[in-house]
Amino acid sequence: MRSRYSAYALGNIGYVESTTAPETRDDFDRGAAESWAKRSTWLGLRIVSTERGEPCDDEGVVEFVATYETSGERVDHRERSEFRKAAGGQWLYVRGAAPELAKVGRNDPCPCGSGKKYKKCCGA
């Protein structure tokens, strides 16, 4: 996961594409990924949790928050991604989705970890 974040931050979209599972590469839009990576200022990656993904595992799940700025707006992209180990030991991205979050009140801290109230962050 960290290597894919770094690839986006450096604009190395070829690496992002090559570490995407072959069965899902048809859905990968290289042009859109390059455009997004170039127009974003990458601010950091925070790993929220992991399941499996150790050297002895063949699959793993990473929940993360990637923070970037685009068009003057700070974005905390939260995702839960599935990976699988290919022959040779390289980890491949299989799929990702927004994690299921518990119901959050408007005045509660935002679950993305920004430190803002939910109504001023992801609930806006």
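**Exercise 1. Determine how E1 is joined to E2, and identify a residue pair that stands opposite across these strands.**

Solution. Eleven bridges join E1 to strand E2, which comprises residues 59-70, and the two strands run antiparallel. The model examined here is a predicted one. Within this pairing, Trp 42 stands opposite Tyr 68 in E2.

**Exercise 2. Describe how E3 and E4 are paired and connected.**

Solution. Begin with the strand limits: E3 covers residues 73-85 and E4 covers residues 91-97. Six bridges link them in the antiparallel sense. Next, consider an individual position: Arg 80 stands opposite Ala 97 in E4. Finally, inspect the connection. E3 and E4 form a hairpin with five residues between them, and Gly 88 in the turn has a positive phi of about 95°.

**Exercise 3. Assemble the strands into a sheet, and state which of them are the edge strands.**

Solution. The four strands form an open sheet in the order E1-E2-E3-E4, with antiparallel pairing. The edge strands are E1 (40-52) and E4, since each pairs on one side only. On average, neighbouring strands of this sheet are turned by 30° against each other, direction ignored.

**Exercise 4. Place helices H1 and H3 relative to the strands.**

Solution. Take H1 (residues 2-10) before H3. Helix H1 packs on the sheet and touches E1, E2, E3 and E4; its direction makes about 170° with that of E1. Helix H3 (residues 30-39) lies across E1 and E2, and runs at about 115° to E1.

**Exercise 5. Analyse the largest nonpolar core: which residues touch the most other members, and which elements give two or more residues?**

Solution. The core has 16 residues, of which Tyr 8, Ile 13, Val 16, Phe 28, Ala 33 and Trp 42 touch the most other members. Two or more residues are given by each of H1, helix H2 (13-18), H3, E2 and E3. E2 gives the most, with four residues. To examine one member closely, take Val 16: leaving aside residues up to four places away in sequence, Val 16 touches Arg 4, Ala 7, Tyr 8 and Phe 28.

**Exercise 6. Summarise the chain as a whole.**

Solution. The chain has three helices and four strands, which follow the pattern α-α-α-β-β-β-β along the sequence. Of its 124 residues, 31% count as buried, the cut-off being under 20% relative accessible area. Among contacts with a separation of 6 or more, 38% are between residues 24 or more positions apart. The accessible surface comes to about 7,800 Å², of which 46% belongs to carbon and sulfur atoms.

Definitions and conventions. Residues are numbered from 1 along each chain as its sequence is written. This is a predicted model: local features need pLDDT of at least 70, side-chain atom pairs count only at pLDDT 80 or more; totals for chains, interfaces and linings use all residues. Side-chain values use heavy atoms; hydrogens and water are left out. Two strands pair if DSSP finds at least two bridges between them. Axes are lines fitted to C-alpha atoms, for helices over the stretch in contact, and angles run from 0 to 180 degrees between N-to-C directions. Contact means heavy atoms within 4.5 Å. A nonpolar core is a set of buried Ala, Val, Leu, Ile, Met, Phe, Trp, Tyr and Cys residues joined through side-chain atoms within 4.5 Å. Buried means under 20% relative accessible area, exposed over 50%, partly exposed in between (1.4 Å probe, protein chains only). Accessible areas come from the Shrake-Rupley method with a 1.4 Å probe; for residues, only the protein chains shown count as cover.
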